[in-house]
Every structure is written in structure tokens, then in C-alpha cells.
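Visitor: I am new here and would like to understand the words people use for a protein model. Could you walk me through them?

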Amino acid sequence: MPDDKTDPREANEDQARPADSPKADTQDAVVDEGAQLGAELNALLLENADMRDRLLRTMADMENLRRRTEREKTDTARYAISNFARDVLTVGDNLKRTIQHVPAEAAAQDPALKSFLEGVEITERELLNVLERHGVTQTEPLGQRFDPNCHQAMYEVQNAEVPDGTVVDVIQSGYMIGDRCLRPALVAIAKGGPKPAAQTQGNGASQRKAANDDFPPGD
């Protein structure tokens, strides 16, 4: 007949084993939910920071585009007449040649010739004034150091009294439009004098562009 008696040691082990606690399960669930919410919050914060960074970059790009557009608009308005102005300068050159070819003595002896010469001089001055109102100015290179960006050397002159490379004669006037060279001056430069003092490029001469560099031919 089987023995119904239970081993006291087994009974004690059963009593010592803790039962599953509903409270412990709830606490674990709360911890898991809190960790999940924390992870989602961090993800949202990272996404927000990324979107904010993208927005700032987009705003900076738009501001740069606005500034570039304004600058291009200003340059277009300032330099669009370059080709036309260059052609008009040819008319001014012809007026100057006319004045130079009339001897002063002949004009003084002939009232009609003198009146004609004065009319040509007035026309030339008015032409230069009109060009200046549109940003075209005549350069004065005589006595300056030769600048290949706005001077064109036609010949050299032996002259030991001035620094080497100094402009000693102007064959044809040069013109600027804004801060760009519209037409280089045709000049003669000194040779054989002392070496010119070193100059920095702070005056921006080496960075000057031709007046129509930003525009295709024919504009």
C-alpha cells in the first residue's frame, strides 16, 4: 500500500518557493513602457534637431541666393551697356582727333574755323559727361605704374629719370565702367630707370575684369 506521508523536507521547500507577484509584473511593465517612451522621445528630439538643421541650411541657401541675385541684377544694370559704350568711345576718339589736327594758329586767324573747333570741343565734353552719368569714366595713367589690366603698352622709351615701367605717354585714353576696364589705355612706358618699389595687390588691380566678362559677346 502506498505511503501517503509527505516528506517534511519537500513540504518545507514548497513553502519556501515564492509565488509569482502581480505587483512585480506591474512594475516590470511600467519600466518597459517608460524605456520605450524614453526611446521614442529621444528619436523625436533627434528628428526635430535634424529638421531644424535642415531648415537653417535652407534659409542660409535662400539668403545667399537672394544676395547673389541682387548682385547679378546690379552687375547687369551696370555693365550691360559695355559694348554700346565701347562703340560710342570711337566717336569720342574721332572728335578728339579732329580737335588735335586743327592748328591753334589757324583757328586763331580764322573765326569760322575757331567757331567750328569750339563746337567740336563742346560736343566732345558733352559726350564724356553723358558717358560719366552712365558710369563710364576716363582714366589718367600718365605717370602711373604700368598696369596690364587697364593699360596696353605700345612702345618703350629710354628714360632713366623715372622708375622702370612708368607710363610716360598716352596714345589713346582708357576708360573704366564701374570698377572694370572698359577699354585699356594705349601707352608708352619708361625703360632703363630704377626698379619700381614692390607694391601689394591690395588695390585690386590684379583682380580687375574686363567690363563684359560676365556677358556673352553681342550683349
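Visitor: What separates Glu63 and Arg67 in helix H2?

Guide: This is a predicted model, so every value comes from computation on that model. Glu63 and Arg67 are 4 residues apart in helix H2, and therefore about one helical turn lies between them.

Visitor: Why is the contact of Glu63 and Arg67 called a salt bridge?

Guide: The name needs a side-chain nitrogen of Lys or Arg within 4 Å of a carboxyl oxygen of Asp or Glu. For the side chains of Glu63 and Arg67 the N to O distance is 3.1 Å, so the pair meets the rule. In general, side chains of opposite charge can pair when their charged atoms come close. Glu63 and Arg67 also belong to a network of salt bridges together with Arg66.

Visitor: How do you know whether Glu63 is buried, partly exposed or exposed?

Guide: Buried means under 20% relative accessible area and exposed means over 50%, with partly exposed in between. Glu63 has 28%, so Glu63 counts as partly exposed.

Visitor: What makes Asp53 and Arg57 a salt bridge?

Guide: Their side chains meet at 2.9 Å, N to O, and the limit is 4 Å, so they qualify. Asp53 and Arg57 both lie in helix H2, 4 residues apart, about one turn of the helix.

Visitor: Which exposure words fit Asp53 and Arg57?

Guide: Asp53 has a relative accessibility of 36%, so Asp53 is partly exposed. Arg57 is at 54%, and the cut-off for exposed is over 50%, so Arg57 is called exposed.

Visitor: How many salt bridges are found in the whole structure?

Guide: A search finds 7. One of them joins the side chains of Lys191 and Glu156, at 3.6 Å from N to O.

Visitor: What does the pair of Lys191 and Glu156 tie together?

Guide: After that contact of Lys191 and Glu156, look at where each one sits: Lys191 is in strand E6 and Glu156 is in strand E2, so the pair ties together parts that are 35 residues apart in sequence. Lys191 is partly exposed, because its relative accessible area is 38%. Glu156, at 49%, is not over 50%, so Glu156 is partly exposed too.

Visitor: Why is strand E6 said to be largely enclosed by the rest of the structure?

Guide: Strand E6 covers residues 185-191, and 6 of its 7 residues are buried, so the description follows. In the whole protein chain of 219 residues, buried residues make up 21%.

Visitor: How do you know that E6 pairs with strands E2 and E3?

Guide: Two strands pair if at least two bridges are found between them. Strand E2 (residues 151-158) and E6 have 7 bridges, in the parallel sense, and His151 stands opposite Ala185 in E6. Strand E3 (residues 167-172) and E6 have 4 bridges, in the antiparallel sense, with Val170 opposite Val187 in E6. Both counts reach two, so both are pairs.

Visitor: What makes Leu56 fit into a nonpolar patch?

Guide: Patch residues need over 30% relative accessible area. Leu56, in helix H2 (residues 22-79), has 43%, so Leu56 passes that cut-off and counts as partly exposed. Leu55, Leu56 and Met59 form the patch on the surface, with about 300 Å² of accessible area together.

Visitor: Which residues line the second largest pocket?

Guide: Among them are Asp93, Lys96, Val170 and Ser173. The pocket has a volume of about 180 Å³. Helix H3 (82-100) and E3 each supply at least two lining residues, and H3 gives the most, with 4 residues.

Visitor: What lines the largest cavity?

Guide: Gly92, Lys96, Glu124, Leu127, Leu128 and Tyr175 do. Helix H5 (111-133) provides the largest share, 3 residues. The largest cavity has a volume of about 40 Å³, and the structure holds 2 cavities of 30 Å³ or more.

Visitor: How many helices and strands are in the protein chain?

Guide: There are 5 helices and 6 strands. Along the sequence they follow the pattern α-α-α-α-α-β-β-β-β-β-β.

Notes:
Residues are numbered from 1 along each chain as its sequence is written. This is a predicted model: local features need pLDDT of at least 70, side-chain atom pairs count only at pLDDT 80 or more; totals for chains, interfaces and linings use all residues. Side-chain values use heavy atoms; hydrogens and water are left out. Buried means under 20% relative accessible area, exposed over 50%, partly exposed in between (1.4 Å probe, protein chains only). Patches are made of residues with over 30% relative accessible area and no salt bridge: like charges are joined within 9 Å, nonpolar side chains (Val, Leu, Ile, Met, Phe, Trp, Tyr) within 5 Å. Accessible areas come from the Shrake-Rupley method with a 1.4 Å probe; for residues, only the protein chains shown count as cover. On a 1 Å grid over the protein atoms alone, a cavity is a set of points where a 1.4 Å probe fits but cannot get out, and a pocket is an open set with protein on both sides within 12 Å along at least five of seven lines; lining residues have an atom within 4 Å of a point. Grid points are joined across faces, edges and corners, and a volume is the space filled by probe spheres set on the points.
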